[in-house]
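Student: Please take me closely through one helix of this model, with its packing partners and its surroundings.

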Amino acid sequence: MSKFNLNRRTLIKSGAAFGAGLAMPTIFTSSAFAYTNEPKGGTVTLGFNVPQTGPYADEGMDELRAQELAVQHLNGEGDGGMMNTFSSKALKGNGILGKKVQFVTGDTQTKSDAARASAKSMIEKDGAVMINGGSSSGVAVAVQGLCQEAGVIFMAGLTHSNDTTGKDKKANGFRHFFNAYMSAAALAPVLKAAYGDDRRAYHLTADYTWGWTQQESIAAATEAVGWETVNNVLTPLASTDFSSYIAPVLNSGADVLVLNHYGGNMVNSLTNAVQFGLRDKMVNGKQFEIVVPLYSELMAAGAGENVRGVIGSMNWNWQLQDEGSKAFVKSFGEKYGRPPSNSAHTCYVQTLLYADACERAGTFNPCGVVEALEGFEFDGMGNGPTLYRADDHQCFKDVLVMKGKENPTNEYDTLEIVEVTPRAQVEYAPDHPMFAGGDLGQCNSGA
Amino acid sequence: MLGLSKKDTSFLIAVIFLTLATPILLQPFPEGSALAQFNAGYPDLMQRFAIYGIFAIGFNILFGLTGYLSFGHAAFLGVGSYSVVWMYKLLSYNVVPGLILAIIMSGLFALLIGYISLRRSGIYFSILTLAFAQMSFNLAYSVLTPLTNGETGLQVYTDDPQVLMDAASPSSPHFFGIVMNESSKIDVGGWLFTFNNGYYFCAIIAIVVFYLSMRIFRSPFGIMLRAIKTNQTRMNYTGLNPRPYTLAAFVISGMYAGLAGGLLASMDPLAGAERMQWTASGEVVLMTILGGAGTLMGPILGAGFIKYFENIFSKINDTVLHGWFSALPDGLEDAIVFLFHPFIGKGWHLTLGLLFMLVVIFLPGGLIEGGTRIWNSVTGRNRKKKQDQGDHHPKPAAHVN
């Protein structure tokens with residue numbers, strides 16, 4: 001084995017080379033950008049980060065369809081959809097601020113890590129100025145934090161946890177979707193009217209931020225109308241078989257099962273529960289009932305006839321008959337041959353709201369966009385008059401209480417609207433205990 | 001130099017050069033061109049190359065040298081990440097205390113798991129490590145939620161103590177003031193090169209640990225580890241106890257994994273439980289085998305290969321495909337897009353799986369073997385070697401039946 005001798009000359013040489021290597025990144029400074037990813041050419045890039053694999057993949061694919069549609073409408077292709085019914089008329093169908101809209105997509109895999117990696121690559125590699133989409137609150141919280149650090153806007157997709165605009169709220173993040181507190185506030189009176197005020201509820205809860213806050217909200221709201229919470233069992237998000245969690249329900253003396261599950265989880269847990277014959281049981285002299293606080297069309301379709309008669313809540317449904325909803329369902333249906341889900345709706349609306357805020361602010365600068373969205377009141381997007389509250393960047397609007405249809409006429413006709421709960425009934429103070437502890441901080445433009 | 005042979009020194013210098021020039025090498029296509037989709041020179045991915053390179057180098061010290069196949073290395077990755085984020089929460093965003101804690105914690109963890117698992121070898125060892133990793137994952141996911149924040153992942157909040165933070169210190173991970181996510185961009189005639197502080201931090205650490213693993217490979221200790229892989233029974237008969245050596249190798253590779261996990265959290269201040277899932281452990285096994293187990297450079301190549309697929313291929317969608325083939329007639333275009341569709345976007349696993357199969361079947365020595373074969377056919381060394389063998393080796397004995 002021959003060895004090099006380290007003499008003074010080579011030491012100086014290699015030291016200098018090493019030093020130059022270290023200094024390389026700092027020699028060149030680039031502050032040509034006024035804010036992160038300022039669009040310089042004739043195009044602007046939006047990042048659509050949705051789950052394409054994992055338990056929420058169906059939702060993700062539907063979000064992607066809606067986002068593509070939104071980009072078409074922004075660029076003046078197609079029939080314009082909700083741009084025609086939107087109360088703000090800043091959008092002209094020539095892209096955003098005259099720049100043609102492009103988009104990049106990524107797979108969140110319903111994992112915080114993968115979602116952040118994918119969002120990072122959109123921001124660092126593709127120059128996205130806004131990230132939209134997602135179907136899990138864990139992911140939304142993680143990506144929202146990333147966007148705040150990177151200095152881009154995060155327009156949350158489907159995220160229902162109180163924490164997204166509660167303890168984890170960020171100045172650069174905005175949520176159009178409703179949250180667990182609102183679901184609970186809308187559901188409790190309906191549940192009381194349907195099942196009485198002396199029920200004993202057993203909760204199965206997805207073990208992450210959304211499940212925790214939804215369980216907390218539903219338990220609080222149902223206890224306020226006289227129900228009792230017997231037990232709460234946390235289930236891992238990756239579970240596919242819930243038999244072992246369902247069996248103990250039978251011996252617990254509970255007469256209502258609340259499934260704080262979503263997507264593939266909910267389809268599996270509801271199917272398991274029905275297979276165990278829970279819904280045919282009589283407990284405490286009452287018919288056993290199942291409640292799914294957060295519904296979606298895709299889940300209802302997945303669970304088939306098991307959802308019949310099951311009560312839940314939604315942000316929006318394609319059966320609504322206002323002008324905005326009709327316009328959106330029409331253009332979505334013409335392009336894809338199916339009605340949109342409420343996750344598709346929220347992503348579509350978020351994309352238009354972002355574009356509109358840029359137009360009104362006259363810039364893509366995140367701080368300008370934040371200012372334009374805060375306290376923004378609008379209508380014609382399918383939910384009636386809506387407010388983007390400045391205190392926590394949460395939208396306030398009516399909530400739908402849904403029920404699985406007893407006699408569906410076709411494969412998309414699985415749910416019916418029981419009640420449209422008015423906005424006033426689901427509002428809460430920004431410092432409500434379930435949302436306390438967070439801090440919006442300052443908007444970050446990345447400059 | 002530095003106690004290496006001449007050949008190894010030039011190898012190390014080549015590795016140093018490649019690592020430092022990565023931001024340029026991974027950006028072969030000009031911005032705006034159709035092929036820019038395949039550029040990988042953006043900070044997040046480069047950081048991942050370096051970090052998973054470290055992870056795979058460490059795994060290779062165990063698997064490549066001793067032949068003990070651990071299916072639980074992701075647990076150490078997770079421990080490292082959680083350590084660093086906790087140091088952010090308690091002290092400040094300086095990464096140094098976190099990284100030191102990450103190495104210590106993962107070392108202790110590896111000592112515990114290794115002490116128990118190494119009582120068995122072969123498949124039993126693999127299953128034991130898998131069980132431990134799955135236990136750690138479940139602990140992090142749903143039992144120790146006050147410590148790990150469950151599925152949502154551990155994050156830093158504004159109301160955390162952060163006792164060493166003052167108004168002047170950066171509000172994102174930094175190394176004594178050098179902020180990790182800051183980078184300088186240079187535009188050279190259409191090519192955009194991004195030189196990121198975080199990447200160079202990871203790269204320099206990667207070079208140091210690569211040098212360390214080189215020394216381990218060439219040391220008497222490394223020879224001992226190879227002996228364990230070759231024939232452990234024979235070692236026992238010669239009166240040597242292999243357990244201390246395997247345990248040492250296990251702990252060293254656990255510390256490498258912890259360092260890698262710590263670096264992940266140094267680049268992006270979040271630690272999630274899914275980092276500890278068994279799929280993550282499987283990934284490092286794939287990286288090592290794909291690149292070439294037991295070789296110095298193989299695992300790093302494998303890590304780069306897999307991360308490249310995960311981040312670049314998964315982002316090609318139908319719209320991008322339509323863009324590429326838009327010159328073709330409509331029917332043909334749709335047919336080609338339909339044909340490619342299962343292999344891109346969310347189908348990147350499928351493409352990777354196929355490639356992995358091809359590599360394992362045709363290049364059992366991994367990508368390194370492929371490289372060697374190409375090199376040999378170019379230089380003609382293969383033919384010479386074959387002639388040599390013909391001259392000097394006894395002919396195989398004829399079969400007698």
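Tutor: What follows starts with the model itself and then moves outward from one helix.

This is a predicted model, in which local features need pLDDT of at least 70 and side-chain atom pairs count only at pLDDT 80 or more, while totals for chains, interfaces and linings use all residues. Residues are numbered from 1 along each chain as its sequence is written, and chains are lettered from A and ligands numbered from 1 in the order in which they are written. The predictor gives the complex an ipTM of 0.81 and a pTM of 0.85; for chain B the mean pLDDT (confidence in each residue, from 0 to 100) is 87, with 95% of its residues at 70 or more.

The helix to look at is α11 of chain A, residues 342-361 (helices are DSSP runs of H or I with at least four residues, strands runs of E with at least two, numbered from the N terminus). Its axis and that of helix α12, residues 366-373 of chain A, come within 8 Å and cross at roughly 105° (axes are lines fitted to C-alpha atoms, for helices over the stretch in contact, and angles between N-to-C directions run from 0 to 180 degrees). That crossing makes α11(A) roughly perpendicular to α12(A), a term that covers 65 to 115 degrees. On the α11(A) side, the residues that meet α12(A) include A:Leu353, A:Tyr354 and A:Ala357, and among their counterparts in α12(A) are A:Val369, A:Ala372 and A:Leu373 (contact: C-beta atoms, placed from the backbone, within 7 Å). By class, this helix contact has 8 nonpolar, 1 polar and 2 charged residues (Ala, Val, Leu, Ile, Met, Phe, Trp, Tyr, Cys and Pro count as nonpolar, Asp, Glu, Lys and Arg as charged, the others, Gly among them, as polar).

The next partner is an open sheet of 5 strands in chain A, with the order β2-β1-β3-β4-β5 and parallel pairing (at least two DSSP bridges between two strands). Strands β2 and β5 (173-175) of chain A stand at its edges with a single partner strand each, so one side of each is left without a neighbour in the sheet. Neighbouring strands are turned by 25° against each other on average, direction ignored. Within this sheet, β3 (residues 130-133) and β4 (residues 153-156) of chain A run parallel and are joined by 4 bridges, with A:Asn132 standing opposite A:Met155 in β4(A). It is on this sheet that α11(A) packs, touching β1 (43-50), β3 and β4 of chain A, and its direction makes about 160° with that of β3(A).

The helix also takes part in a domain boundary, for chain A is divided into domain 1 (43-178 + 318-397) and domain 2 (181-314), bounds that come from an automatic or database domain assignment. The C-alpha centres of these two domains of chain A lie 29 Å apart, and 18 residues of domain 1 are in contact with 18 residues of domain 2. Together with α2 (57-74) and α4 (137-150) of chain A, α11(A) is among the elements that give two or more residues to the domain 1 side of this boundary, a side with 4 nonpolar, 10 polar and 4 charged residues.

Lastly, the contact between the chains takes 39 residues from chain A and 37 residues from chain B. On the chain A side, α1 (8-27), β2 (100-107), α3 (112-124) and α4 each supply at least two residues, and the largest share, 7 residues, comes from α3(A).

Key
pLDDT is the predictor's confidence in each residue, from 0 to 100. Two residues are in contact if their C-beta atoms, placed from the backbone, lie within 7 Å. Angles under 35 degrees count as roughly parallel, over 145 as roughly antiparallel, 65 to 115 as roughly perpendicular and the rest as oblique.
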